[in-house]
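Student: Please take a close look at one part of this structure, and then set that part in the context of the whole chain.

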Amino acid sequence: MWRASDPNKPCAGDPIKNASIASSGASGPYGGTYGCVRQGGTNCSDGIYNKKHGGIDIYAPENSDLYSISSGKVSYVGYITDLGNCIQVTSSDNSTSILYAHLNSQSLAVGNDVKIGDKLGLTGKTGNANDPAIIPHVHIQIKINGVATDPQSFLSTTFNSDGSVSVPCNN
């Protein structure tokens, strides 16, 4: 397994050292996971968790270094309403794209090559994460062949369905 040579870097496959799920208001840590996990929506079911979350929220104090969880090429750097400052890395075969959101800054430009563990920028609270009540986090969305996919399988740290850590990554 790849190990970070810098003790301040996370394990390969984790965007932040000691990754944990950011709690999402009334939905708690469960709301920081992928799928129909948040309260207050109408598009998933009639149950309490009826609002879909299209990514995973990893707790990240503001201005923490953010690292790539995959290799590829930077395909987008910019601002998206609700998601704030973002950077996207797309695989060499263009099948998989990973969007990192709510950043304070991005370190790379479109077209730059990225390897797993490369620094992408600094975490922040941009977009709808700017609300003081929202815990600072990096939002990660993954699409495979254009279809939204649970980011869990791309991370080294494994989370339970309730958002707690199941298998921590040990650097």
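Tutor: The account below begins with one residue and its partners, and then widens to the other charged pairs, a central strand and the chain as a whole.

This is a predicted model, in which local features need pLDDT of at least 70 and side-chain atom pairs count only at pLDDT 80 or more, while totals for chains, interfaces and linings use all residues. Residues are numbered from 1 along each chain as its sequence is written, and side-chain values use heavy atoms, with hydrogens and water left out.

The residue to begin with is Asp-57, which sits in strand β3, residues 56–59 (strands are DSSP E runs of at least two residues, and helices H or I runs of at least four, numbered from the N terminus). With a relative accessible area of 3%, Asp-57 is buried (under 20%; exposed is over 50% and partly exposed in between, with a 1.4 Å probe and protein chains only). Leaving aside residues up to four places away in sequence, Asp-57 touches Ser-20, Ile-21, Ala-22, Gly-32, Arg-38, His-137, Val-138 and His-139, where touching means heavy atoms within 4.5 Å.

With one of these neighbours, Arg-38, Asp-57 forms a salt bridge whose closest N and O atoms are 2.8 Å apart (a side-chain nitrogen of Lys or Arg within 4 Å of a carboxyl oxygen of Asp or Glu). This pair links distant parts of the chain, since Arg-38 belongs to strand β1 and Asp-57 to strand β3, 19 residues apart. Both Arg-38 and Asp-57 are buried.

The structure holds three salt bridges, and the other pairs can be set beside this one. Asp-65 forms a salt bridge with Lys-119, with 2.9 Å between the closest N and O atoms; here Asp-65 lies in strand β4 (residues 65–67) and Lys-119 in strand β9, 54 residues apart. Asp-65 is partly exposed, at a relative accessible area of 32%, and Lys-119 is likewise partly exposed, at 36%. A further salt bridge brings together the side chains of Lys-73 and Asp-113 at 2.7 Å, N to O. Because Lys-73 lies in strand β5 (residues 72–80) and Asp-113 in strand β8 (residues 113–114), this pair ties together parts that are 40 residues apart in sequence. Lys-73 counts as partly exposed at 39% relative accessibility, whereas Asp-113, at 57%, counts as exposed.

Strand β7 offers a second view of the fold: eight of the eleven residues in this strand (residues 96–106) are buried, so β7 is largely enclosed by the rest of the structure. Pairing, for which DSSP must find at least two bridges between two strands, joins β7 to strand β6 (residues 84–90) in the antiparallel sense over five bridges. Strand β10 (residues 137–144) also runs antiparallel to β7, over six bridges, and strand β9 (residues 119–123) does so over three. Individual partners show the register: Tyr-100 in β7 is the bridge partner of Ile-87 and stands opposite Ile-140 in β10, while Leu-103 has Thr-123 in β9 as its bridge partner. Between β6 and β7 lies a hairpin with five residues between the strands, where Asn-94 takes a positive phi near 65 degrees.

For the chain as a whole, there are 13 strands and zero helices. Of its 171 residues, 45% count as buried, and the C-alpha trace spans about 45 × 30 × 30 Å along its principal axes. Among contacts with a separation of 6 or more, residues 24 or more positions apart account for 54%.
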